[in-house]
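Biologist: Please put the model on the screen. I will ask about its strands and cores, and you can answer from the coordinates.

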Amino acid sequence: RTLAPNVYTIYLHSQDYDRFDSWQDTLLDELQRVLTEHADKQRYMFVGGVSIELARDDEVRTGRFETESRTERGSVAPATGAAQAGAGGSPIIEIDGQQYLLTGPVTVIGRGGDADIILEDTGVSRHHLELRAEADSTLIATDLGSTNGTFVDGERIRTPVALHDRSLLKIGRTRLTVLLPAAGPVSW
């Protein structure tokens, strides 16, 4: 596995930065998509979520850009093809076709901006669900006192539950599929 940086800063001269201002969010979303697709094709892996930002730097010539990248570990990373092929014992959560590699021992899913996986679903609480990866490759789901509850394979859970490969979770209107590693301990 080849590890790729997951945090990028693109430096632009102020004049260029101002030209991108009105559609900066669209540009950054597209850059993130292209970066993730390229990493997938090259079989690169990330250890945290991909983040790209634009910054002003008047030392950069107009019409040019400079980049800076670094690796920052997070508890969730986009799951590329390389991650799926050999996740190193890390579970994967699939939500609406997007896969997330759980790279930390605890992942919080919810609507709040500080959740590890943020869902834009009004039926989801700010801190709705905790997924805890145990050393023996067990993944434990715990409802965090959500208003609408957490359902695992159609049953509402009230206490922590061990998940199985292909377990289906439902929180709010969002469905999640659990993909567990074939065997071996989880590595952090």
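**Cores and strands**

Biologist: Which residues does L169 touch, not counting residues up to four places away in sequence?

Modeller: This is a predicted model, where local features need pLDDT of at least 70, side-chain atom pairs count only at pLDDT 80 or more, and totals for chains, interfaces and linings use all residues. Numbering starts from 1 along each chain as its sequence is written, and side-chain values use heavy atoms, with hydrogens and water left out. A contact means heavy atoms within 4.5 Å. On that basis L169 touches L129, L131, A141, F151, V152, L163, T174, R175, L176 and V178.

Biologist: Which element gives the largest share of the largest nonpolar core?

Modeller: A nonpolar core is a set of buried Ala, Val, Leu, Ile, Met, Phe, Trp, Tyr and Cys residues joined through side-chain atoms within 4.5 Å; buried means under 20% relative accessible area, with a 1.4 Å probe and protein chains only. The largest core has 21 residues, of which I93, I109, L131, L139, L163 and L169 touch the most other members. Two or more residues each come from β7 (92-95), β11 (129-133), β12 (139-143), β16 (168-171) and β17 (174-179), strands being DSSP runs of E of at least two residues, numbered from the N terminus. The largest share, three residues, comes from β11.

Biologist: Which strands stand at the edges of the five-strand open sheet?

Modeller: Two strands pair if DSSP finds at least two bridges between them. The sheet has the order β10-β9-β11-β12-β15, with mixed pairing; within it, β9 (residues 106-110) and β10 pair in the parallel sense over two bridges. A single partner strand each leaves one side without a neighbour in the sheet, so the edges are β10 (117-118) and β15 (161-163).

Biologist: Why is strand β2 largely enclosed by the rest of the structure?

Modeller: In a regular strand the side chains alternate between the two faces of the sheet. From β2, V7, T9 and Y11 point one way and Y8, I10 and L12 the other way, and all are buried. The strand (residues 7-12) is therefore largely enclosed, the buried count being six of the six residues.

Biologist: What is the bridge partner of V7 in β5?

Modeller: β2 is joined by six bridges to β4 (residues 51-56), which runs parallel, and there the partner of V7 is S51. β2 and β5 (residues 65-70) pair in the antiparallel sense, also over six bridges. In β5, the bridge partner of V7 is R70.

Terms used
Buried means under 20% relative accessible area, exposed over 50%, partly exposed in between (1.4 Å probe, protein chains only). Helices (H or I, at least four residues) and strands (E, at least two) are DSSP runs, numbered from the N terminus.
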